[in-house]
Amino acid sequence: MTDPVTDRTDTTPDLSSRDPNWWRQAVVYQVYPRSFADADGDGLGDLKGITRRLNHLAALGVDALWLSPFYPSELADGGYDVADYRDVDPRLGSLDDFDALAAEAHRLGLKVIVDLVPNHTSHQHVWFQEALASGPGSPARDRYVFRDGRGTHGELPPTDWQSVFGGSAWQRVPDGQWYLHLFAPQQPDLNWANEEVRADFRTTLRFWSDRGVDGFRVDVAHALAKDLSEPLRDLGAPELSSEDALSHFPPGTHPFYDRDEVHEIYRDWRKILDSYRPPRMAVAEAWVQGARRTLYARPDELGQAFNFEYLQAGWDADELRQVITDSLDSAHQAGASATWVLSNHDVVRHTSRLMLPPGTDDNAWLLSGGHAPEVDESHGLRRARAATLLMLALPGSSYVYQGEELGLPEVADLPVEVLQDPIWEQTGRVRKGRDGCRVPLPWTTTGPSYGFGAAGAWLPQPPSFASYAVEAQDGVEGSPLELYRTALRLRRKLLEGESLAWADDTPPGVLDFTRHDGWRCVTNLSDAAVRLPAGEVLLTSAPLEDGQLPPDTTAWIA
Ligand code: GLC
């Protein structure tokens with residue numbers, strides 16, 4: 001018997017629960033579980049806390065939530081060091097708590113996406129413990145990337161590959177061998193040429209799909225396939241270990257990023273994901289540029305890939321227009337839906353970032369405590385609101401990071417004593433890391449952690465968080481929260497098709513496009529107010545001035 005909903009050929013989603021295309025133009029809200037809401041008062045967010053606050057997401061009007069990892073983990077990298085892919089960290093709850101969360105989300109009409117971390121496990125994973133206990137050459141070691149070292153006594157790492165978090169990507173174990181970790185030493189890389197590894201992730205995909213999750217976010221999707229043919233190749237320069245170095249290699253040939261063979265893995269997964277009704281969606285976290293990135297989003301692979309070029313674009317009309325046009329073209333060519341993102345748990349929050357002059361070194365800014373250069377918080381919020389209405393008008397899915405609906409700024413002045421991100425220590429205290437965007441959310445204007453939990457929070461919240469709290473914004477006309485709510489409600493009604501048409505006669509510094517007959521979005525990134533095209537003004541990110549669109553403002557017009 002065929003399932004009638006899977007026979008839809010129209011790609012415009014109706015967002016009903018059985019629509020296989022629901023994700024193509026969805027708004028997905030990223031929950032960073034440790035920092036969302038703490039039900040048991042231990043200072044760390046948990047699953048019960050999320051379940052209790054799901055009404056916030058329903059009232060916001062998003063379509064889905066994506067949960068960053070909540071699996072057992074020693075939190076060497078905020079949970080991206082997974083000790084067991086098919087369980088819940090006891091500090092965050094239990095599998096029953098997960099089921100309750102998913103049931104409540106579904107009752108509220110929200111889809112649930114979980115994070116899959118296939119590039120590396122935690123060093124506490126039973127497999128890695130087994131690999132340490134079994135000697136060199138054992139099948140247990142073959143699930144990871146173990147090699148003898150170089151030098152007379154094997155005292156040098158097997159290659160010059162560098163970890164993303166700083167330092168060598170190799171760590172030595174007591175018997176003298178070395179293992180590969182592209183991230184922290186507590187995150188040993190798996191060997192995806194090993195059939196047992198592949199089989200186990202198929203089991204994990206089924207485990208969560210059977211539990212009713214609607215999709216997967218795939219961590220570091222571009223690094224799974226590695227060239228492990230002997231002898232392993234040196235790169236010759238440390239910077240060639242970085243994702244930015246991909247252009248120095250013929251496409252698909254870097255020893256560990258974006259290799260052509262990685263796509264076989266996702267084609268295999270797609271068969272599993274498509275065996276569910278509706279098919280489970282997936283989105284790749286692949287720090288790869290342009291058309292190479294959208295290969296991960298082909299319909300027979302993951303379907304979507306995060307668009308980090310959009311996130312990295314400056315607050316500049318020409319640059320944004322180019323990125324938007326290129327992104328839509330490459331998504332279209334791949335048969336994928338485009339994605340847009342401004343903030344996540346790895347980058348400086350966009351309320352602050354969009355104010356940093358082009359070329360600013362984010363790390364130097366963080367090390368200055370957010371003072372060099374000084375960022376005007378209210379101007380940043382104005383820009384962020386304009387950027388949000390622009391993003392939400394674009395065809396495709398938008399990924400929203402918890403707290404951006406409150407207009408939260410980056411907490412750039414966290415004292416170094418409280419930093420938890422492994423980047424800080426692993427770079428020899430040179431790079432401050434990502435804690436400034438992970439500070440727990442403020443729900444109320446008072447209380448020990450502004451309603452995050454009954455006790456304190458695992459990262460200190462600045463006093464200014466009181467004024468950003470949900471309680472301070474709920475029902476307050478013009479607040480960031482109400483802007484998001486109104487925009488998401490309107491967007492739902494306006495969605496149609498997956499394309500846009502740029503206006504021809506746009507003044508410099510202005511972005512102006514029409515989605516379809518009724519809906520036009522104009523953003524003014526110039527220094528002067530501009531005239532608005534004719535039509536009914538549906539929503540603006542800041543008040544109009546004398547009927548004109550002021551700088552750093554977006555308007556939706558019908
Ligand atoms: C991804 C995650 C990041 C994590 C890294 C290693 O980039 O977004 O937070 O540190 O993978 O798992």
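**Group meeting: the sheet and helix 4**

Let me begin with one pair of strands: strand 1, residues 27–31, and strand 2, residues 64–67, run in the parallel sense and are joined over four bridges. Within that pair, V28 stands opposite A64 of strand 2. I should say at once that what we are looking at is a predicted model.

Stepping back to the whole sheet, there are eight strands in an open arrangement, and following them across gives the order 9-8-7-3-2-1-11-10, with parallel pairing. Strand 9, at 303–305, and strand 10, at 339–341, form the edges, and because each has a single partner strand, one side of each is left without a neighbour in the sheet. From one strand to the next, the twist averages 25°.

Turning now to the helices, helix 6, which spans residues 195–210, lies across strand 3 (111–116) and strand 7 (215–218), and its direction makes an angle of about 160° with strand 3.

That brings me to helix 4, residues 126–133, where the buried residues are W127, F128 and A131. Why do these residues sit on the same side of helix 4? They do so because they cover an arc of only 95° around the axis. The general background is that an α-helix has 3.6 residues a turn, so residues three or four places apart point the same way. On the face of helix 4 turned away from the buried side we find V126 and A133, which are exposed.

And what do the buried residues of helix 4 pack against? Their partners are helix 5 (139–142), strand 4 (146–147), strand 6 (178–180) and helix 6, the last being the helix that lies across strands 3 and 7.

Terms used: Residues are numbered from 1 along each chain as its sequence is written. This is a predicted model: local features need pLDDT of at least 70, side-chain atom pairs count only at pLDDT 80 or more; totals for chains, interfaces and linings use all residues. Side-chain values use heavy atoms; hydrogens and water are left out. Two strands pair if DSSP finds at least two bridges between them. Helices (H or I, at least four residues) and strands (E, at least two) are DSSP runs, numbered from the N terminus. Axes are lines fitted to C-alpha atoms, for helices over the stretch in contact, and angles run from 0 to 180 degrees between N-to-C directions. Contact means heavy atoms within 4.5 Å. Buried means under 20% relative accessible area, exposed over 50%, partly exposed in between (1.4 Å probe, protein chains only). The arc is that of the directions from the helix axis to the C-beta atoms.
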